[in-house]
Amino acid sequence: MQPDPPVPHTATVDDKGVHVTTTAGKNRTYSGGEVITLTQVIDLAEGAAALCQSSSEACLELVDESAQLAADCEALIAEITEKGVGSNLIGACEHLQEQLGLQAAAARKLHDQIQGGEEACRTASVNAEVRHGQIFRAVADSPLTRPAERDFYNHR
């Protein structure tokens, strides 16, 4: 079951703060500090999504590197076998190859989990922007924030 999409709030600004009305008709007044906190939460969600994306890419690189090293182990095993050197060395290479396969599988699993986290962070950011975007626009468009929004936030 998909959740309902976010619905934007309506907002107006006066000298007491930002007055928000939800689609359910509930009213609330946000202070300048609370509006700043909302922007920080959205920014943090975007930052977390970017971090997830870079971590996910690092996991894919690890999968590729593990596969390459496992192939190198396979070639080394073949070379050792051809030269008829000790079986202990072959056993060690086979064990290393097995561990590299496990590492690649774990990195692939972690990649998939991180992608889910990235999607959740991006969704949270977009939903918050849709829902609370009118608050930010009301502050920016208010005659009380002229000449700068900074004054609105500093006085609250």
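This text leads through the helix pair, the salt bridges and two individual residues of the structure. The model is predicted, and the description rests on its computed coordinates.

Two helices provide the starting point. Helix α1 spans residues 32-83 and helix α2 spans residues 87-141. Their axes come within 6 Å of each other and cross at roughly 165 degrees. Because angles over 145 degrees count as roughly antiparallel, α1 is described as roughly antiparallel to α2. The crossing by which α1 passes α2 is left-handed. As for the residues taking part, the contact of α1 with α2 comprises 32 nonpolar, 13 polar and seven charged residues.

Residue S66 offers a view of this helix pair at the level of a single side chain. S66 is located in helix α1, and its relative accessibility of 1% places it among buried residues, because the limit for that class is under 20%. With neighbours within four places in sequence set aside, S66 is in contact with L100, Q103 and A104. The numbers of these three partners fall within the range of helix α2, residues 87-141.

Attention now turns to charged side chains. How many salt bridges does a search of the whole structure find? The search finds four. One of them links E34 and R28, whose side chains meet with an N to O distance of 2.7 Å. E34 has a relative accessibility of 29% and therefore counts as partly exposed. R28 is likewise described as partly exposed, with a relative accessible area of 41%.

A further salt bridge joins K83 and E79, with an N to O distance of 3.5 Å. These residues are four apart in helix α1, so about one helical turn separates them. K83, at 58% relative accessibility, counts as exposed, whereas E79, at 43%, counts as partly exposed. The two classes follow because exposed means over 50% relative accessible area, while partly exposed covers the interval between 20% and that limit.

Helix α2 holds a pair with a similar spacing. E118 and R122 both lie in this helix, four residues apart, or about one turn. The closest N and O atoms of their salt bridge are 3.4 Å apart. Is E118 buried or exposed? At 14% relative accessibility, E118 counts as buried, while R122, at 27%, counts as partly exposed. The pair also belongs to a wider arrangement, in which salt bridges that share partners join E46, E118 and R122 into one network. By its number, E46 falls within residues 32-83 of helix α1.

The last stop lies outside the helices. Where is T23 located? T23 lies in the loop between β2, residues 17-21, and β3, residues 27-30. Its relative accessibility is 59%, and T23 therefore counts as exposed. T23 nevertheless has partners elsewhere in the chain: residues up to four places away in sequence being left out, T23 touches V7 and P8. In addition, the C-alpha atoms of T23 and T10 are separated by 8.1 Å, the two residues being 13 apart along the chain.

Taken together, S66 and T23 illustrate two opposite settings. S66 is a buried residue at 1% relative accessibility, and its place is in helix α1. T23 is an exposed residue at 59%, and its place is in the loop between β2 and β3.

Definitions and conventions: Residues numbered from 1 in each chain as written. Predicted model: local features only at pLDDT ≥ 70, side-chain atom pairs only at ≥ 80, totals over all residues. Heavy atoms only, no water. Axes fitted to C-alpha atoms, helices over the stretch in contact; angles between N-to-C directions. Parallel < 35°, antiparallel > 145°, perpendicular 65-115°, else oblique. Left-handed = near helix turned anticlockwise from the far one by under 90°. Nonpolar A, V, L, I, M, F, W, Y, C, P; charged D, E, K, R; others polar. Buried < 20%, exposed > 50% of the residue type's maximum accessible area, 1.4 Å probe, protein only. Contact = heavy atoms within 4.5 Å.
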